[in-house]
Amino acid sequence: MIVAKVFEANIISFTRQVACYLVDQPRLCHTSSEGLKIYVDAKIKNHPAFNYTRLIATNPHYAGRILFWDPQFCATNADLIDFVVTLGGDGTVLFTSWLFQQTQVPPVIPFHLGSLGFLTNFNVVHIRDVLERVIGCRGNGVRVNMRMRLQCTVWRQGGPIVPPSVRTNQKDAIVPNFAISDTSEGEFDDSDDMLFFHTRNTSEGLHATPIYRKTSVPGIVIAEDETPLFASSINSPVVADIDTVLNAITSSLPCKADFSYDDEEPAAGSSESHTEIGKDTGMRAGIDSRARKPVPAESFHILNDLVVDRGPSAYMSQLELYVDDRHLTTVQADGLVVSTPTGSTAYSLSAGGSLVHPECPAILVTPICPHTLSFRPFLLPDGADLKIQVPIDSRSTAWASFDGRHRTELKQGDFITVTMSRHPLPTLCQEDQSSDWFESLRRCLHWNERARQR
């Protein structure tokens, strides 16, 4: 299989030459003297630089030997591919990884025809010698570098799950403490200990008002064997109703201003008269994340990195980071990069991350312009399970990209889980894993190059 740049005519013409060579080259280590079957990108089949129809007309023996692939073929027939030849740069290698999402990637032979070429360690000038080593069994064989990939699953908040204590089919019901009306029908008593909510069905929907009580209050339906799930202690550091706290503070701040007009009833139909909670389900759209059941939406296997950032928003991202189901920290930054050792020389490096050898089993976590200078990049073991979530009360959404592809929005409550993929990417080494990597650092990044001190 050959994966090449499809926008440059000279590379497409060279792809045709390589395909014909591999078909005509006998496999010396195989019982058959025939060449290989070569799969080429279907996008270049009718390109003038490839011209498959004319090629078959003038050379009929290529019919049935030069075939064509598309993403669907790669997803369902990966077992038919012995190896992949890439003709391009690092992006071509990343695209090859992207083609094989839910299956093992065939060994990749990357030839450098791009700009940077950190992953393409083979010079295209030596393509014949390299291919003969692979298909002709010459020399001492080749080494393979098993590059770690990450599996990233996007979870979306599903529909609300209404607890049994929420009885929206009755005239009066207890509703969660996030359903708070703008107006109150009860008076707060300092002796009261618990906070409940009184709801009523109207022609415009279900509305709730806070009621504070110790004893029975008309209109509140509580089963005898049921503990109010949505009660909150007034003295608790986590306050259910912010108005209660503000009112208490206001009374301790005397002033000469007259705010009696605040008690005036708003006009009928005014938006200030109430807060609508819901029309069909009796629950507000901005429901607490605990009342929703997350569902997996899509999953990707990436070679370089997952980037979660603020997108077009002017606000910095606020993300909750979990490791092995434990809350690690709240990320307040422009974004977060979760990368493999292979991706340590990409976006992570630009954001201040460390260089990591591709054989080190680790997951890199690098913040992008963090709000606190003490939030530094760190490494986790490859067996760690990560979860990156947009808080339910975040003022803005976040955006995620996977190896620079499939840009998607993460809304409040959505999250991404990151684990090590079961399908690494095998790439052929020119010499060995360490020699190739350090040579790439020197060639592409000019790593630690300087004039020798005299």
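## A pair in helix α8

Helix α8 covers residues 433-445, and both Glu439 and Arg442 sit in it. The two are three residues apart, about one turn of the helix. They form a salt bridge, with the closest N and O atoms 3.8 Å apart. This is a predicted model, so keep in mind that every value here is computed from predicted positions.

How exposed are Glu439 and Arg442? Glu439 has a relative accessible area of 38% and is partly exposed. Arg442 is partly exposed too, with a relative accessible area of 38%. As a rule, side chains of opposite charge can pair when their charged atoms come close.

## More salt bridges to find

How many salt bridges are there in total? The count comes to six. One of them joins Glu132 to Arg128, and their closest N and O atoms are 3.1 Å apart. Both residues belong to helix α5, which spans residues 127-135. They are four residues apart in the sequence, again about one turn of the helix.

Look at the surroundings of these two partners. Glu132 has a relative accessibility of 15%, so it counts as buried, because buried means under 20%. Arg128 has a relative accessibility of 55% and therefore counts as exposed, the cut-off being over 50%.

Another salt bridge links Glu8 and Lys5, whose closest N and O atoms lie 3.7 Å apart. Glu8 is partly exposed at 33% relative accessibility, and Lys5 is partly exposed at 26%.

## The chain as a whole

Now step back and look at the full protein chain. Its secondary structure consists of eight helices and 21 strands. The chain has 454 residues, and 44% of them count as buried.

How far apart in sequence are the residues that touch? Take the contacts between residues at least 6 apart in sequence: 70% of these join residues at least 24 apart. The accessible surface of the chain comes to about 24400 Å². Carbon and sulfur atoms account for 50% of that surface.

## Cysteines

How many disulfides does the structure hold? The number is zero. Two cysteines make a nice contrast in their surroundings. Cys369 is exposed, with a relative accessible area of 55%, whereas Cys429 counts as buried at 3% relative accessibility.

## Empty space inside

Rolling a probe the size of a water molecule over the atoms shows where empty space is left. In this model the count comes to three cavities of 30 Å³ or more. The largest cavity has a volume of about 100 Å³.

Which residues lie nearest the centre of the largest cavity? They are Asn121, Asn145, Arg147, Asp436 and Trp437, out of 14 residues that line this cavity. Three elements give two or more residues to the lining: β7 (143-147), β21 (425-429) and α8. The largest share, four residues, comes from α8. That brings us back to the helix where we began, the home of Glu439 and Arg442.

Terms used
Residues numbered from 1 in each chain as written. Predicted model: local features only at pLDDT ≥ 70, side-chain atom pairs only at ≥ 80, totals over all residues. Heavy atoms only, no water. Buried < 20%, exposed > 50% of the residue type's maximum accessible area, 1.4 Å probe, protein only. Contact = heavy atoms within 4.5 Å. Areas by Shrake-Rupley, 256 points an atom, 1.4 Å probe, with all protein chains shown as cover. Salt bridge = Lys/Arg side-chain N within 4 Å of Asp/Glu carboxyl O. Disulfide = S-S within 2.5 Å. 1 Å grid on protein atoms, 1.4 Å probe; cavity = no way out; pocket = protein on both sides within 12 Å on 5 of 7 lines; lining within 4 Å. Points joined across faces, edges and corners; volume = space filled by probe spheres on them.
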